[in-house]
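Open the model in your viewer and keep the selection tool at hand. This tour moves stop by stop, from the whole chain down to single residues.

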Amino acid sequence: MPASSSPVPSTRGSVGRHALEGGAAVAAASVMMSACGVTAALALGAQSRTALSQLVPALVSMAVGGDITLDSGSAVTGEGQTGALGGMSGGGLTLELGGQVSALPLTLTFLGTVVLTVGFFRPLRRRGRPTPDLLWARFGGALATNLALFTGLALLGHGTVRLPKGLMQDMGTGGSGGRTGGIPGNGLSSVGFRTDVVSTVFFALLWVVLVIGIGCLAARRTTLPRPLALSGLRLKWHPLTSTLAGVFTALCCIPLALGALAGAAALVGPPQVAKAAGAMLLAGPNLLVVALTSGLGSSWQAAIRQQQSEVGGLMGGSGPDAGAGAADGIGSTGTPMGGEDMDRSIAVSSWSGTGLPLWLVGLVVLLGLLTLVGYLAAARTPVRTARQEADALLGRHVELALRSGITVGTAAMLLCLAAQGSAQIGMSMMGSEMGGMTAGLQ
């Protein structure tokens, strides 16, 4: 073959180029997460209650593990009604509203992970094999960009949300009257939110480290430094991790596609369809994790509970129903201030909307998926040589099954933690809790 027709290996690229490409991968991931967050917020109608320029950075921060703190400040309401609290007089009651939201919108996390992985590893495919220092430069560029971007997003993720009508009654404050002796809760019509910068930056950096670290084991269509590509760790775990990553990616695309279809149907359908599309575009993988891990025995519970008022007995005596409350023995340890028990709890794992309990459906689907993963991983695992077979402690398939059990068990535990969510909001007066509400999935 003439020398001119021989393939010429592509260049490896400079350190600066790899650093810039690593940063570009993180930037593209954050753009994709923001675009999905905007779409979901529009489908849910959030633009009528807050500014999307403030809400979307908060959603993206939550997608990597940041917490949201709620705080309304103080509001004076109920002029001339403090006499019921020990004969006090003045301009009214000083009420405060606060709480916290902790949840991972896993659709945003999934999209950001896919874009980050492809942007980080795929450009290496058509180049000469990089040296370890080039991969470290690429990793450093991703970390530096991640630190700058998510610090900015966390700082931008603050604003005000107008509260739905009737929320104060549901929290047990009595709204504009009732068992609370006429203490109005409508003095607080909005609540402020702000993203915790420290937790957002820490978990964002941890997210990048985990994605790139797992990608070094699972990535298939790429070129890695020779010491890493030929390491025993990658040779042992690559077939299984790449298979699990591919199957999980395909599964997460299902709720994403359903959300897109529901969004298209919402153009001509009722508003409820749009809200369902927005929920799927935020938390579709969360629901998928709940369904599948129910088959492993996880007892998921979805609950909404009222918080007990610390001044229930005192305030109960200030309203028109004080005598009835005293006769019934309801005081500070009885029903919440609204006079009605609003607690709700659902055993999600036992839900049988399809005619079969969710845990059984999850178990059947999970068994099929594990069989598929085992088959694909065994097909991708190189056959041992005679010497390797003689030195091995376990048979090839037994060793693969053991690795699969460890990997699936660890992934299930982490996904259960990621799919959980909680929200708490409460109203206080003069340092005492008047009422509140907590909601969660765990």
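Helices here are DSSP runs of H or I with at least four residues, numbered from the N terminus. With that in mind, select helix α14, residues 396-419. Two residues to pick out are R403 and E399, which both lie in this helix. They sit 4 residues apart, about one turn of the helix. Show their side chains. R403 and E399 form a salt bridge, with the closest N and O atoms 2.2 Å apart. Is R403 buried or exposed? R403 counts as buried, because its relative accessibility is 12% and the cut-off for buried is under 20%.

**The whole chain**

Zoom out. This is a predicted model. Colour it by pLDDT. The mean for the protein is 79, and 79% of the residues reach 70 or more. Now select residues 174-186, where pLDDT stays under 50. The model still has 39 contacts for this stretch beyond four places in sequence. Do likewise for residues 312-339. Here too pLDDT stays under 50, and the model has 44 contacts beyond four places in sequence.

Switch to a cartoon view. The secondary structure comes to 14 helices and 8 strands. The protein has 442 residues, and buried ones make up 39% of them. Among contacts with a separation of 6 or more, 77% join residues 24 or more positions apart.

**Salt bridges around E21**

How many salt bridges does a search of the whole structure find? The search finds 4. The pair in α14 was one stop; the next is a network.

Select R17, E21, R127 and R138. These residues are linked in a network of salt bridges. Side chains of opposite charge can pair when their charged atoms come close.

Start with E21 and R127. Their side chains meet in a salt bridge at 2.4 Å, N to O. The pair links distant parts of the chain: E21 is in helix α1 (residues 15-44), while R127 is in the loop between α3 (106-121) and α4 (132-156). In sequence, E21 and R127 are 106 residues apart. Both E21 and R127 are buried.

Stay on E21 and turn to R138. E21 and R138 form a salt bridge too, with the closest N and O atoms 2.7 Å apart. This pair also links distant parts of the chain, from E21 in α1 to R138 in α4, 117 residues apart. Check the accessibility of each partner. E21 counts as buried because its relative accessible area is 19%, against a cut-off of under 20%. R138 is buried as well, with a relative accessible area of 0%.

**H18**

Select H18, which lies in helix α1. H18 is buried, with a relative accessible area of 1%. Which residues are in contact with H18, leaving aside its neighbours within four places in sequence? They are R12, G13, L124, R127, L134, A137 and R138. R127 and R138 also belong to the salt-bridge network.

**α1 against α3**

Two packed helices are described by the angle between their axes and the distance between the axes. Show α1 and α3 together. Their axes come within 8 Å and cross at roughly 155°. That makes α1 roughly antiparallel to α3, because angles over 145 degrees count as such. The crossing is right-handed. To light up the contact, select E21, G22, A25, V26, A28, A29, M32, M33, C36 and G37 in α1. On the α3 side, add T107, L108, L111, G112, V115, L116, G119 and F120.

**α3 against α6**

Keep α3 and add helix α6, residues 197-218. These helices pack at an angle of about 55°, with their axes 10 Å apart. α3 and α6 are therefore oblique to each other. Their crossing is right-handed. From α3, select T109, G112, T113, L116, T117, F120 and F121. They meet W207, V208, V211, I212, G215 and C216 in α6. G112, L116 and F120 take part in the contact with α1 as well.

**Last stop: A279**

Go to helix α9, residues 271-294, and select A279. A279 is partly exposed, with a relative accessible area of 37%. Leaving aside neighbours within four places in sequence, A279 is in contact with L44 and G284. Draw a distance from A279 to L44. The two are 235 residues apart in sequence and 7.5 Å apart in space, C-alpha to C-alpha.

Key:
Residues numbered from 1 in each chain as written. Predicted model: local features only at pLDDT ≥ 70, side-chain atom pairs only at ≥ 80, totals over all residues. Heavy atoms only, no water. pLDDT = per-residue confidence, 0-100. Contact = heavy atoms within 4.5 Å. Buried < 20%, exposed > 50% of the residue type's maximum accessible area, 1.4 Å probe, protein only. Axes fitted to C-alpha atoms, helices over the stretch in contact; angles between N-to-C directions. Parallel < 35°, antiparallel > 145°, perpendicular 65-115°, else oblique. Left-handed = near helix turned anticlockwise from the far one by under 90°.
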